[in-house]
Amino acid sequence: MGKGAVVGTAVVVCAAAAAAVGVAVVVSRRRRSMREAEAERRRKAAAVIEEVEQRFSTPTALLRGIADAMVEEMERGLRADPHAPLKMLISYVDNLPTGDEHGLFYALDLGGTNFRVIRVQLGGREKRVVSQQYEEVAIPPHLMVGTSMELFDFIAAELESFVKTEGEDFHLPEGRQRELGFTFSFPVHQTSISSGTLIKWTKGFSINGTVGEDVVAELSRAMERQGLDMKVTALVNDTVGTLAGGRYVDNDVVAAVILGTGTNAAYVEHANAIPKWTGLLPRSGDMVINMEWGNFKSETLPRSEYDSVLDFESLNPGEQIYEKMISGMYLGEIVRRILLKLAHDASLFGDVVPPKLEQRFVLRTPDMSAMHHDTSHDLKHLGAKLKDILGVADTSLEARYITLHVCDLVAERGAHLAAAGIYGILKKLGRDSVPSDGSQKQRTVIALDGGLYEHYKKFRTCLEATLTDLLGDDAASSVVVKLANDGSGIGAALLAASHSQYASVE
């Protein structure tokens, strides 16, 4: 090989080496850039999570302050303070079931797109509920936006059909009228145990001619048109019904709490502790108060930017603040909003934000619960939910664990706040501590109903542990939280019995 050829070859080799070095430098820079981008993404994700952790923090001292605020607002509502967020509605239920009730009683439970008709045969303290039957009926959509007469005629016709199926297990004493407890879970201004005027329709109903009218009178006229001889002896909402059902099973029940799609609480108050009560004191000395506690609001509540925007975009901004922080309608939506922030700021699910994640209420609380309870080492069930709901085909393990942590933060805060509310009721009743005079501790039972409490195990466990922490071990040993599954339906029938027109002659 000639000298020129050798030089040429050397030049080529050097050029190739230089090119290789150049490629290596580019690759190295690209990898460094990718590492830096990944580090920045993780830093941003950590910053969002840290902020959520701080804003959702609910230390015991804060929860005690929330309970104190709850007591203060309860007292304002009982004084009829027009600015009190808790209206503390008088239910006119002053005679809760005792277990001595006998006879055949019906209930109608109307609170959504379905209603239930129920009948029970009560056999007194020994036999209790001898027989029980119910049917669930879907309300045709056109009746939800029709006229009052059309809706109540449909309900009365279904009720009459149900009455016709009474079997041999049900017995109405001769000469007596059938009696009904009416669970009506819409805003009502109650004027007696068996009358109340509708304030407004909710839950998709928009019916002309009912607002401002007595809903019991509307139902009674519809039953008359059907030729059905039945008297409404109790008008209650679902929380008061749950309290009645709980008291029938356990005489130590003093309050009921609904934790489902929505939330509410009712409790037994001493009638002389209700300044706005103007009538004669009831013989029992007690009155059930429907708190409508979903509307509780206080500066002590740890509201975040996610809560504020959710409230602003809701159909009822400024209302039901407490409900929007603890109920099944909203917990999944709060999780979605935090995940959306993580997707925008930290590319949690990749460079493109999943379009479905932008949809309000696309992530429901039952889905949140399913993800939260995933115990697989790689969170494959959580990943499958994200794929089904958000359309994210391939989530990283890191994204799945962050999602799990967000579920934990939101559920834990909700459970803590719900426990603080229950603790507030116990404080109002003086059931939050051990008697200082050395007398025997009084057993106290809270009846809890609703799908959130019943089916979301981590929420339920956290709520109960938090209540124990707030009470302290000594006081907590005499407080029982008991599931009152479907207490509202039978509760209405029991209240029809305890307020029967024939009660005084038995």
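This tour moves through a predicted model, from its nonpolar cores to its aromatic pairs and then to selected charged residues.

**The nonpolar cores**

Begin by selecting L259, Y267, M291, W293 and L342, the residues with the most contacts inside the largest nonpolar core, which has 91 residues. Next, colour helix α12, which gives the most to this core, with 17 residues. Then centre the view on W293. Not counting residues up to four places away in sequence, W293 touches M70, L86, V257, T263, N264, A265, Y322, A418, G421, I422 and I425. A second core, separate from the largest one, has 37 residues. To find this second core, select L143, M144, L151 and A222, which are among its members.

**The aromatic pairs**

The model contains 13 aromatic pairs. Select F184 and F186 to see one of them: the ring centres lie 5.1 Å apart and the planes stand at 50 degrees, a tilted arrangement. Are these two rings buried or exposed? F184 has a relative accessibility of 2% and therefore counts as buried; F186, at 5%, is also buried.

Move now to Y330 and F361. Their ring centres are 6.2 Å apart and their planes meet at 65 degrees, so this pair is edge-to-face, since an angle over 60 degrees is assigned to that class. Which parts does the pair tie together? Y330 belongs to the loop between α8 (323-326) and α9 (331-346), while F361 belongs to the loop between α9 and α10 (365-372); the pair therefore ties together parts that are 31 residues apart in sequence. Y330 is buried, at 10% relative accessibility, whereas F361 is partly exposed, at 29%.

To conclude this part, select F182, F184, F186, W201 and F205, which ring pairs link into a cluster.

**Charges over rings**

Select R119 together with F162. The charged end of R119 sits over the ring of F162, 4.0 Å from the ring centre. Then select R413 and F56, where R413 lies over the face of the F56 ring, at 4.0 Å from its centre.

**A buried aspartate**

The last stop is D432, in the loop between α12 (397-428) and β12 (444-449). What is the nearest side chain of opposite charge to D432? That side chain is K427, 4.8 Å away. D432 has no salt bridge, although it is buried; the distance to K427 exceeds the limit because a salt bridge requires the charged atoms to be within 4 Å. Display also the contacts of D432 beyond four places in sequence: Y423, L426, K427, L471 and A475.

Technical notes. Residues numbered from 1 in each chain as written. Predicted model: local features only at pLDDT ≥ 70, side-chain atom pairs only at ≥ 80, totals over all residues. Heavy atoms only, no water. Helix = DSSP H or I, 4+ residues; strand = E, 2+ residues; numbered from the N terminus. Buried < 20%, exposed > 50% of the residue type's maximum accessible area, 1.4 Å probe, protein only. Lys, Arg positive; Asp, Glu negative; His and termini not counted. Contact = heavy atoms within 4.5 Å. Core = buried A, V, L, I, M, F, W, Y, C linked by side-chain atoms within 4.5 Å. Phe/Tyr/Trp six-rings, centres within 6.5 Å; stacked < 30°, edge-to-face > 60°. Lys NZ or Arg CZ within 6 Å of the ring centre and 35° of its normal.
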